[in-house]
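Colleague: I would like to learn how to read a model of this kind feature by feature. Could we take the cysteines, the pockets, a helix and a few backbone angles in turn?

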Amino acid sequence: MDTPSEKNDVLAQFQDVQNDIRAACKSSARLKEAVKLLAVSKFHEADRIRPVLKAGHRVFGENRVQEAQGKWPALRTDYPDVELHLIGPLQSNKVKQAVQIFDVIESVDREKLARALAREFQAADKYIPIYIQINTGEEPQKAGVLPKDAADFIDLCQNELGLQVKGLMCIPPVDEESALHFALLSKIAKQNGLEGLSMGMSGDWQTAIALGATVVRLGTAIFGQR
Ligand SMILES: *Cc1c(COP(=O)(O)O)cnc(C)c1O
């Protein structure tokens, strides 16, 4: 259990982040309504998440199906209008559970998964939006579609599978300038007529907003170290 002061820390950090985002939008001449804050609550217990819900925030990110299943049904009982995004790798055998609990899947990164999602959306009669994860750094150990394959993959998802592709998501390499990767993601999105750009984490979200992010995914900045 968290002590009351730890909960207040989360609330204070959340409010600081909101103010900082407002300021960053202003200095980048972006509308703050055009940038969605995804509060990444992975590894944090429900008691740490509640203050942010109480403050009125509803958009959260988790990176594991099982962890989300453990925490969110109870939180949703109290806050039914929560919008939960999956931002971590999704195995095909977890697709059914993922579609049950999540409202957006941001980590669609391969054909097999796209096909499994299309089938499950139909089976469950629940059609949720997706983002396609692009491996902008072409890192072998990292998930995501390679930039050179992006156009074909987007076409497959939209036109063959009928998925509702909101946009693209990326996680830049840790040792490189994020800005280069955000600019590349934005370029690929534009070339393919997509509006959504999920980019920017606690260390680089200001840069992401300046380069057009429509979703920033912040964990540490709100909830502290995991
Ligand atoms: C954990 C995670 C985040 C949040 O990272 P922080 O640096 O704590 O803000 C964002 N995106 C993805 C995909 C993550 O896994």
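Colleague: Let me begin with the cysteines: why is the sulfur of Cys25 not in a bond with the closest cysteine sulfur?

Modeller: Keep in mind that this is a predicted model. The general test is one of distance, since a disulfide requires two cysteine sulfur atoms within 2.5 Å. Here the cysteine sulfur closest to that of Cys25 belongs to Cys170 and lies 18 Å away, which is too far for a bond. Cys157 is in no disulfide either, its nearest cysteine sulfur, again that of Cys170, being 17 Å away. The count for the structure is accordingly 0 disulfides.

Colleague: Are Cys25 and Cys157 buried or exposed?

Modeller: A residue counts as buried when its relative accessible area is under 20%. Cys25, with a value of 1%, is therefore buried, and Cys157, with a value of 0%, is buried as well.

Colleague: Turning to empty space, how much of it lies in the largest pocket, and which residues are closest to its centre?

Modeller: The general idea is that rolling a probe the size of a water molecule over the atoms shows where empty space is left. In this model the largest pocket holds about 450 Å³ of space. Its lining is made up of 20 residues, of which Glu33, Val35, Lys36, Leu37 and Thr214 are the closest to the centre. By class, that lining has 8 nonpolar, 7 charged and 5 polar residues.

Colleague: Which helix or strand gives the most to the lining of the largest pocket?

Modeller: That is H1, which contributes 3 residues. Helix H1 (4-27), strand E1 (36-40) and strand E3 (83-86) each supply at least two residues of this lining.

Colleague: And what lines the second largest pocket?

Modeller: The second largest pocket, with about 240 Å³ of space, is lined by 13 residues, and those closest to its centre are Val40, Lys42, Ile87, Met201 and Arg226. The classes in its lining are 5 nonpolar, 5 polar and 3 charged residues.

Colleague: For a helix, I would compare its span with the expected one and then look for a bend; where does H3 bend, and by how much?

Modeller: Helix H3, which runs over residues 65-78 and so has 14 residues by the DSSP assignment, reaches 20 Å from its first C-alpha to its last, close to the 20 Å expected at 1.5 Å a residue. H3 nevertheless bends by about 40° at Trp72, with a proline, Pro73, following within four residues. Trp72 is also one of the buried residues of H3, a list that includes the charged residues Glu67, Lys71 and Arg76.

Colleague: How should I read a pair of residues that are separated in sequence, and how far apart in space are Val215 and Leu197?

Modeller: One sets the sequence separation beside the C-alpha distance. Val215 and Leu197 are 18 residues apart in sequence, while their C-alpha atoms are 6.2 Å apart. Val215 lies in strand E8 (residues 215-218) and, at 2% relative accessibility, counts as buried.

Colleague: Finally, what is the phi of Ala29, and what is that of Asp125?

Modeller: Here one looks at the sign of the angle and at the residue type together. Ala29 has a positive phi of about 55° although it is not a glycine, and its place is in the loop between H1 and E1. Asp125, another residue other than glycine, has a positive phi near 50° and is found in the loop between helix H5 (111-124) and strand E5 (130-133). Ala29 is exposed, with a relative accessible area of 74%, and Asp125, at 61%, counts as exposed too.

Terms used
Residues numbered from 1 in each chain as written. Predicted model: local features only at pLDDT ≥ 70, side-chain atom pairs only at ≥ 80, totals over all residues. Heavy atoms only, no water. Buried < 20%, exposed > 50% of the residue type's maximum accessible area, 1.4 Å probe, protein only. 1 Å grid on protein atoms, 1.4 Å probe; cavity = no way out; pocket = protein on both sides within 12 Å on 5 of 7 lines; lining within 4 Å. Points joined across faces, edges and corners; volume = space filled by probe spheres on them. Expected span 1.5 Å × (residues − 1). Bend = angle between axes of the 7 residues up to and from the residue.
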